[in-house]
Amino acid sequence: MKVTAVAPSNIALIKYWGRRDDKLVLPYNGSISVTLDKLLTKTTVEFSRDYKKDEIVINGERVTGEKLKRALNFINFIRRISGEESPVRVVSENNFPTAAGLASSASGFSALALACSNALDLNLSDREVSILARMSGSGSAARSLFGGFVEWHRGKRSDGSDSYAEQIANETHWKDFRILVSILTTLEKKISSADGMRYTVKTSPFYTGWLKTIKNDLRIVKSSIRKRDFTNLGKTSEHNCLKMHALMISTVPSLIYWMPSTLEVMHKVMELRRDGLECYFTIDAGPNVKVLCLKEDVKKIKKRLKELKSIKELVEARPGRGAYLSKKHLF
Ligand code: 2P0
């Protein structure tokens, strides 16, 4: 059967960095994200004996090498669960604005998990699909299944059955919340997040210190979401991001994802705050900076950010809906 799924990207407010189980993709700490209404991946999947071999096409190009291996690992895992043996055709497209360069694995693997589980009639609950997406190799894909604000629970069990994502508040809960995604470069990073995390857990002297702070960060951000308390959410998210980058910088070999332009945007955000425009930054495993703000200030903040020549594109996003099935197939 042919099935198409659309899944959004998400941005972590409390970051996931480090796995206690690499195979099952079990995190050392819980994380919280906001799902974006922009930056979507649409994926059509069909398992059929008519195909001679597996084929994956992303944005019009046939996938090869490591990317193909990563996706087929996941598809073979789903095959083992379902007993399906026929070859698959996967066609996927990102609607990302021209100069993307943003991590597409969360939306990509979330769409793939949802499409495959439906194409093979696995009859999974939302929670089970999020567990499946978690095991794709991109843990953050588990969070993209849900809209609004989402928590991925660390869980305690060694089989991973209690490490799933769950919605904290839906996409209509905080209508004034805005995420400005500043795109500084479209270059892909040299070290994948999975490898980066592995090195950090092994070598950063600060890793245990990071873990000690997480419970409190999760608590504050969760209650700030519920109360729509932007100040506490922003302060805690920004500090959590800086703590994660302190881990990355102190990893051997060092993971410095920032570029000079990254620091430029960070300083600009701090300057805007001094000028009375409340906003906070968050940065993932790459140089691009996401600026959190509220609707009332968005115009002024955009104008000031655009003064920076290094920002190639500025995408204004809001909390968006989670992944869903569509009847409009890509082939
Ligand atoms: C997160 N990140 O919680 C953390 C914060 C990045 C920093 O999950 O494309 O989604 O390999 O970077 O597996 C990134 O890991 O993707 C991640 P890639 P993946 O969102």
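These legends go with close-up views of a predicted model.

**View 1. The largest nonpolar core and its best-connected members.** This core holds 40 residues, and Trp17, Phe149, Phe177 and Ile179 are the ones that touch the most other members. Helix H5 (residues 207-227) chips in with six residues, the most given to this core.

**View 2. Phe177 and what surrounds it.** Skip the neighbours within four places in sequence, and Phe177 still has plenty to show: its contacts include Phe149, Phe230, Leu233 and Val34. Also in contact with Phe177 are Leu292, Cys293 and Leu294, plus Ala317, Arg318 and Pro319. A second core, separate from the one above, has 34 residues, among them Ile75, Ala113, Ala142 and Phe146.

**View 3. Helix H5 against helix H6 (residues 230-249).** The two axes come within 9 Å and cross at roughly 160 degrees. Angles over 145 degrees count as roughly antiparallel, so that is how H5 and H6 run relative to each other. Their crossing is left-handed. On the H5 side, the contact includes Tyr207, Trp210, Ile214 and Asp217, while H6 brings residues including Leu233, Asn240, Lys243 and Met244. Sorted by class, the contact residues of H5 and H6 come out as nine nonpolar, six polar and two charged.

**View 4. Helix H7 (residues 260-274) packing on helix H8 (residues 295-305).** Here the axes sit 11 Å apart, at an angle of about 140 degrees, which makes H7 oblique to H8. The crossing of H7 and H8 is right-handed. Val265, Lys268, Glu271 and Leu272 of H7 meet Ile301, Arg304 and Leu305 of H8. That contact of H7 with H8 has four nonpolar and three charged residues, with no polar ones.

Terms used:
Residues are numbered from 1 along each chain as its sequence is written. This is a predicted model: local features need pLDDT of at least 70, side-chain atom pairs count only at pLDDT 80 or more; totals for chains, interfaces and linings use all residues. Side-chain values use heavy atoms; hydrogens and water are left out. A nonpolar core is a set of buried Ala, Val, Leu, Ile, Met, Phe, Trp, Tyr and Cys residues joined through side-chain atoms within 4.5 Å. Buried means under 20% relative accessible area, exposed over 50%, partly exposed in between (1.4 Å probe, protein chains only). Helices (H or I, at least four residues) and strands (E, at least two) are DSSP runs, numbered from the N terminus. Contact means heavy atoms within 4.5 Å. Axes are lines fitted to C-alpha atoms, for helices over the stretch in contact, and angles run from 0 to 180 degrees between N-to-C directions. Angles under 35 degrees count as roughly parallel, over 145 as roughly antiparallel, 65 to 115 as roughly perpendicular and the rest as oblique. A crossing is left-handed if the near helix is turned anticlockwise from the far one by less than a right angle, and right-handed if clockwise. Ala, Val, Leu, Ile, Met, Phe, Trp, Tyr, Cys and Pro count as nonpolar, Asp, Glu, Lys and Arg as charged, and the others, Gly among them, as polar.
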